[in-house]
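Visitor: I would like a close look at a single part of this model, with the cut-offs stated where they are used.

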Amino acid sequence: MISFTVLALTFGVVFLAELPDKTALAGLVLGTRYRASYVFAGVAAAFVLHVTLAVAAGSVLTLLPQRILHVLTGVLFLGGAAMLLFKKGDDDEEIRKPENQSFWKVAGAGFMLILVAEFGDLTQIMTANLAARYDNPLSVGLGAVLALWSVAGIGIVGGRALLRRVPFVLITKVAALLMTGLGVWSLWEAVRG
C-alpha cells in the first residue's frame, strides 16, 4: 500500500540531495548535446535500476531489531548530511560523445554515465536508508524514482535556467539540514525506544 506521506518525504529528501550532484550537471551537458528525450530514456532507466537495488538493500535492513535499525539509519543520515556539507566542488565527469545521434547510442550513453556515477552515491544510500526506516518499499521506491527523474528532467531540459536562479550552495545546505533532522530523529527514537 502506498503511503503518500512516505512518498512525499522520500521525494523531497532525494530531490534536494540530487540537485547539487554531479549527475544533474552531466544530464545538463548531455541534454545540450543530444535529443533530450533520448537522454532522459537512458538516465531514467539507470535510476530505476539504482532505486530497485537501494530499496532491496533497505528492505533487508528492516530485519534488524528496531533499536539497531534506528541507530544505523540515524548514523547514515548524519553521514550523508556531512558528505553534502563537506563535498568538494568541480567533480565533473567526462562525457563521451556517441558517434551518432541514434536513440540507442544516446540513451546508452546516458544510462552508462548514470549507472557508473550513481552507484553507491549518496542518494542511493539515502533511498536504502529510507526503505529501512519506513518499511514501505513501494512508497520509498516510487518517491525516489520520481525525485531522480524530476532532477534529471530539470537538468536535461531546464538546468541552465535553474543554475542561474538557485545557487548549489543553498540547495546543498537545505538537503543537509533535512538529512540532519532525519538522523537526529532516528537516533532519538533509538534512545527512546
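How many helices and how many strands does the chain have? Then please concentrate on helix 1: which residues of helix 1 and helix 7 meet?

Guide: The chain has nine helices and zero strands, where helices (H or I, at least four residues) and strands (E, at least two) are DSSP runs numbered from the N terminus. This is a predicted model, in which local features need pLDDT of at least 70, side-chain atom pairs count only at pLDDT 80 or more, and totals for chains, interfaces and linings use all residues. Residues are numbered from 1 along each chain as its sequence is written, and side-chain values use heavy atoms, leaving out hydrogens and water.

The mean pLDDT (the predictor's confidence in each residue, from 0 to 100) is 79 for the chain, and 77% of the residues reach at least 70. Helix 1 (residues 4-18) has the highest mean among the elements, 92, and helix 8 (residues 159-165) the lowest, 60. Over residues 90-96 pLDDT stays under 50, and the model has ten contacts for them beyond four places in sequence; contact means heavy atoms within 4.5 Å.

Now to helix 1 and helix 7 (residues 137-157). Their axes come within 7 Å and cross at roughly 35 degrees; axes are lines fitted to C-alpha atoms, for helices over the stretch in contact, with angles from 0 to 180 degrees between N-to-C directions. The crossing is right-handed, that is, the near helix is turned clockwise from the far one by less than a right angle (anticlockwise would be left-handed). From helix 1, Val-6, Leu-7, Thr-10, Phe-11, Val-14, Phe-15 and Glu-18 take part, and they meet Ser-139, Val-140, Leu-142, Gly-143, Ala-144, Leu-146, Ala-147, Leu-148, Ser-150, Val-151 and Ile-154 of helix 7. This contact comprises 13 nonpolar, four polar and one charged residues (Ala, Val, Leu, Ile, Met, Phe, Trp, Tyr, Cys and Pro count as nonpolar, Asp, Glu, Lys and Arg as charged, and the others, Gly among them, as polar).

Helix 1 also packs against helix 6 (residues 122-134). Here the axes are 10 Å apart at an angle of about 160 degrees, so the two helices are roughly antiparallel (over 145 degrees; under 35 is roughly parallel, 65 to 115 roughly perpendicular, the rest oblique). This crossing, too, is right-handed. Helix 1 contributes Val-6, Leu-9, Thr-10, Val-13, Val-14, Ala-17 and Glu-18, and helix 6 contributes Thr-123, Met-126, Thr-127, Leu-130 and Tyr-134. Eight of these residues are nonpolar, three polar and one charged.

The remaining pair is helix 6 with helix 7. Their axes come within 9 Å and cross at roughly 155 degrees, and the pair is therefore roughly antiparallel; the crossing is right-handed. Thr-123, Thr-127, Leu-130 and Ala-131 of helix 6 meet Val-140, Ala-144 and Leu-148 of helix 7. By class there are five nonpolar, two polar and no charged residues.

Helix 6 has a further link, to helix 9 (residues 168-192), through a residue of that helix, Glu-189. Glu-189 is in contact with His-70 and Arg-133, neighbours within four places in sequence aside. Glu-189 is buried at 15% relative accessibility, buried being under 20% relative accessible area, exposed over 50% and partly exposed in between (1.4 Å probe, protein chains only).
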